[in-house]
Amino acid sequence: MTAPRELRTARLLLRTFEQEDAPALVRLAGGNEIAAMTLNIPHPYTEDHALSFLAKANEDFRAGHSVSFAISVLPGRELCGAIGLTFADTHMRAELGYWIGVPFWGKGFATEAAAAAVAFGFETLRLHRIYAHHFSGNVASQRVLEKIGMRREGQFRQHIQKWGRYIDVENYGLLAEEFRGSESARPGDKFP
């Protein structure tokens with residue numbers, strides 16, 4: 001798979017992760033609030049976790065399984081989160097996943113990055129469908145997915161066990177023809 005080394009939006013640079021990102025990953029992904037709303041981010045989050053993530057992201061990209069981007073705030077390239085697409089090539093679909101570090105919440109960065117990743121998936125990779133999930137009660141992720149044009153497709157009841165309790169998962173999706181007919185998912189748009 002070929003992918004650009006970076007995607008630019010009005011305020012963000014989505015770029016390839018670098019080894020030097022490990023300390024910022026530990027600091028940002030290490031927030032309890034991040035782990036509480038994600039399936040695969042442990043808490044506490046250590047340097048070993050960050051280095052394993054960086055190695056796996058690189059390996060999965062080379063194998064054509066996924067593409068991961070560091071979300072950086074322009075102009076200084078400060079890391080604020082991560083976003084990626086995980087592919088199911090046979091079906092021309094991908095799962096969108098992302099997180100934003102707590103100090104950067106409420107600025108619209110997740111929406112801006114998600115719109116760019118979705119546009120990349122449909123326009124460059126020619127995907128047929130992109131889907132995403134969020135834990136029930138994660139209203140911020142719900143709003144991000146709605147703002148980028150995804151439709152709620154249902155709920156998996158008590159689908160995930162996290163920290164000793166079962167959590168419902170909300171499912172969203174967007175088809176290529178819906179994306180092409182929608183102005184809401186264009187990466188050049190201004191997001192609040």
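**Exercise 1.** Is Gln158 buried, partly exposed or exposed?

*Solution.* Before starting, note that this is a predicted model, where local features need pLDDT of at least 70, side-chain atom pairs count only at pLDDT 80 or more, and totals for chains, interfaces and linings use all residues. Residues are numbered from 1 along each chain as its sequence is written, and side-chain values use heavy atoms, leaving out hydrogens and water.

Step 1: take the cut-offs, with buried under 20% relative accessible area, exposed over 50% and partly exposed in between (1.4 Å probe, protein chains only). Step 2: Gln158 has 54% relative accessibility, so Gln158 counts as exposed. Step 3: place Gln158 in strand β7 (residues 151-162); helices (H or I, at least four residues) and strands (E, at least two) are DSSP runs, numbered from the N terminus. Step 4: check the backbone, where phi of Gln158 is near 45 degrees, a positive value in a residue other than glycine.

**Exercise 2.** Now try Arg77: locate this residue and classify its exposure.

*Solution.* Step 1: Arg77 sits in the loop between β3 and β4. Step 2: its phi is positive, near 65 degrees, although the residue is not glycine. Step 3: with 35% relative accessibility, Arg77 counts as partly exposed. Step 4: Pro75 is also found in the loop between β3 (66-73) and β4 (78-88), and the peptide bond from Leu74 to Pro75 is cis, with omega near 5 degrees.

**Exercise 3.** Find the second cis example, at Pro44.

*Solution.* Step 1: look in the loop between α2 (32-36) and α3 (47-62), where Pro44 lies. Step 2: the His43 to Pro44 peptide bond is cis, its omega near 0 degrees.
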